[in-house]
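I sat down with this model today and kept short notes as I went. Here they are, in the order I looked things up.

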Amino acid sequence: TMLGRIHSAQSAVDCVKSARRAGFRNINMDLLFGLPTQSLAQFQATLKTTLELGPEHLSLYALTLEEGTPMADAIAGGELPMPDADLAADMYEFAQEQLAGSGYMQYEISNWAQSAETQCAHNLAYWQRKPYVGLGAGAPRPRRGAGRASDVGRGGLCPARRHVRAGLPGLRIRHPGLHRKAFRARICNRR
């Protein structure tokens, strides 16, 4: 496939149906939109099929091209067209309308849930900068002080990056979002 996935759309549908038959009551589905050859009609059909499956939680992610990936190389080589950002925005707006009309509440920029109970606790903890445990070979974990090596200077994060690092996660979530008082406390305590 274009994305290099080992599964097909039909196998994903079959997997969700099998999970329901096995008794799973809280299912999440992830959708990717804004692909190089994806039309609005194709995305609408994908979302319709997804909604018919009735997952309790949905994550919708816009394609981000990463340098050095097979897709980025195919686009650079003219094998695939450059994704259309305006079309991706149309897909996102369509999804917002359809999901709201289907009873999903958007609690984060990329996440919708049927209820507060089916929101992803891990996602919320991450975006609210609460402690969490990262497990696995590549699992990120929160650290005190400096961020990635590319962000570190002689004194740790520069003030501008520290402000961005402290504030951006809160902007992803709808409620409670970014609290100025907590934001200032985080910045002042890290100097």
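**Entry 1: strands E2 and E4.** I started with strand E2 (residues 57–62) and strand E4 (residues 111–113), which run antiparallel and are joined by 3 bridges. I noted that strands count as paired if DSSP finds at least two bridges between them. Leu58 has Trp112 of E4 as its bridge partner.

**Entry 2: ground rules.** I am working with a predicted model, where local features need pLDDT of at least 70, side-chain atom pairs count only at pLDDT 80 or more, and totals for chains, interfaces and linings use all residues. Residues are numbered from 1 along each chain as its sequence is written, and side-chain values use heavy atoms, with hydrogens and water left out.

**Entry 3: the whole chain.** I found 7 helices and 6 strands; these are DSSP runs numbered from the N terminus, with at least four residues (H or I) for a helix and at least two (E) for a strand. From the N terminus, I read the elements as α-β-α-β-α-α-β-β-α-β-β-α-α. Of the 191 residues, 31% count as buried, meaning under 20% relative accessible area, while exposed is over 50% and partly exposed is in between (1.4 Å probe, protein chains only). I also looked at contacts (heavy atoms within 4.5 Å): among those between residues at least 6 apart in sequence, 63% join residues at least 24 apart.

**Entry 4: the sheet.** In what order do the 4 strands of the open sheet run? I read it as E1-E2-E4-E3, with mixed pairing. Strand E1 (28–33) and strand E3 (105–108) are the edge strands, each pairing on one side only. Ignoring direction, neighbouring strands of this sheet are turned by 25° against each other on average; the angles are between N-to-C directions, run from 0 to 180 degrees, and use axes fitted to C-alpha atoms, for helices over the stretch in contact.

**Entry 5: strand E1.** E1 pairs with E2 in the parallel sense, over 6 bridges. In a regular strand the side chains alternate between the two faces of the sheet. I could follow this along E1: Met29, Leu31 and Phe33 point to one face and are buried, while Asn28, Asp30 and Leu32 point to the other and are not. Across from Asp30, in E2, stands Ser59.

**Entry 6: two residues of E2.** Is Ser59 buried or exposed? Ser59 is buried, at a relative accessible area of 2%. Not counting residues up to four places away in sequence, Ser59 touches Asn28, Met29, Asp30, Leu31, Ser110 and Asn111. Tyr61 also sits in strand E2, and this residue is partly exposed, with a relative accessible area of 32%. Leaving aside neighbours within four places in sequence, I listed the contacts of Tyr61 as Asp30, Leu31, Leu32, Phe33, Ser110 and Asn111. Tyr61 and Asn111 are 50 residues apart along the chain, yet their C-alpha atoms are separated by 8.7 Å.

**Entry 7: a helix pair.** I finished with helix H2 (residues 40–53) and helix H4 (residues 85–101), whose axes come within 10 Å and cross at roughly 30°. That makes H2 roughly parallel to H4, as angles under 35 degrees count as roughly parallel, over 145 as roughly antiparallel, 65 to 115 as roughly perpendicular and the rest as oblique. On the H2 side, Leu40, Phe43, Gln44, Leu47 and Leu51 make the contact, and on the H4 side Leu87, Asp90, Met91, Phe94, Ala95, Gln98 and Leu99.
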